[in-house]
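Trainee: Hey, got a minute? Can you walk me through this one?
Mentor: Sure, let's pull it up.
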Amino acid sequence: MLFLALLVSMGLALSIIESFIPVPFIIPGAKLGLSNIVILITLVLFGFKEALIVGILKSIAFVLSTGSVSSLIYSLLGSVFSCLIMYFVYKYFSNIFSLIGVSIFGAVAHNVSQVAVASLIMNNFKVFSYLPPLLPVSLLTGYFVGLSSIYINKNLEKNFKKIGINRD
Amino acid sequence: MFLLTKGDKYLIIIIIIISLISIIYVERDATSYNSKYISIQVNGKEYKKITFNPKMVGKTIPIKTKYGYNLIEIGDEKVRVIEADCPDKLDVKQGYISKPGETIVCLPNRLIIEIKGENGENEIDYLSY
């Protein structure tokens, strides 16, 4: 339980730091999604419910700390949807895809759901034209997030006993 | 390229292919035939409305009103003014317009030639979060 709070705060810190990095892509709102590292780790180490909780809490905490409420619905629904997809891919397909593949799925799902929410809010189907340039971006960020998650996961698995976390 | 399984590599290739296909589709959709038409307005009132049509390439249409005379030529998805009796001939110098929203204006003749989209706003002008 305590560790979950730690994970939420780590995700929050990552989100705030990555909001300082200017992204040189033409797409507004494209972000590196570094906080997905935390969500992916939670998913692998703890499970779906915990990953969902961490994702939702992180989104709410991010809105509280930066005060941009308009991004709440995008990031909330994006996290939930990408959590769902990552869980399915991880549970049933982890022999085909490594964590990198899972995280790419999650990044793509996140971006697709964000664009879908945007097109619903603006009642304009053409918002989907933002999706084709977003997809390779989500590939790149998903790859990076997945790679980091693999290393962190290996390390954490080794040191679980040492840190003294009991997995309930 | 470390730590990628075979499935990962296939996934990446599939996503790249999907994004390329959808970029091509979006480009085609943005320049499609049936969503543009020429609206010719004289003195603020719509004088003529011409839908783009492959058969109209090369056709010239004279616009003779009490304000003056202009001759427009319709090209492939575009239109321009080739003759005008105004002193500056700025509309002739402008050349072709082809995208919705673009206009050719001849002020002495009170003429506006505008390309419009069928259903109003096709393109998003600006998106901010």
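Mentor: One term before we start: a residue is exposed if 12 or fewer other C-beta atoms lie within 10 Å of its own, and buried if 20 or more do. Also, keep in mind that this is a predicted model.
Trainee: OK, helix 1 of chain A. Which exposed residues sit on the face turned away from its buried side?
Mentor: Leu2(A) and Ile17(A) are the exposed ones there.
Trainee: And which residues of that helix are buried?
Mentor: Leu7(A), Val8(A), Gly11(A), Leu12(A) and Ser15(A). Looking down the axis of helix 1 of chain A, they fall within an arc of 135°, so they line one face.
Trainee: Why would spaced-out residues share a face?
Mentor: An α-helix has 3.6 residues a turn, so residues three or four places apart point the same way.
Trainee: What do the buried ones pack against?
Mentor: Helix 2 (36-45) and helix 3 (48-66) of chain A.
Trainee: Next up, the largest nonpolar core. Which residues touch the most other members?
Mentor: Of its 28 residues, those are Ile39(A), Leu40(A), Leu43(A), Met86(A), Val102(A) and Phe105(A). Helix 5 of chain A gives the largest share, eight residues.
Trainee: What does Phe105(A) touch?
Mentor: Leaving out residues up to four places away in sequence, Phe105(A) touches Ile85(A), Met86(A) and Val89(A).
Trainee: Switching to chain B: how many helices and strands?
Mentor: Chain B has two helices and seven strands, in the order α-β-β-β-β-β-α-β-β from the N terminus.
Trainee: How much of chain B is buried?
Mentor: 15% of its 129 residues count as buried.

Methods:
Residues are numbered from 1 along each chain as its sequence is written. Chains are lettered from A and ligands numbered from 1 in the order in which they are written. This is a predicted model: local features need pLDDT of at least 70, side-chain atom pairs count only at pLDDT 80 or more; totals for chains, interfaces and linings use all residues. Helices (H or I, at least four residues) and strands (E, at least two) are DSSP runs, numbered from the N terminus. The arc is that of the directions from the helix axis to the C-beta atoms. Two residues are in contact if their C-beta atoms, placed from the backbone, lie within 7 Å. A nonpolar core is a set of buried Ala, Val, Leu, Ile, Met, Phe, Trp, Tyr and Cys residues joined through C-beta atoms within 7 Å.
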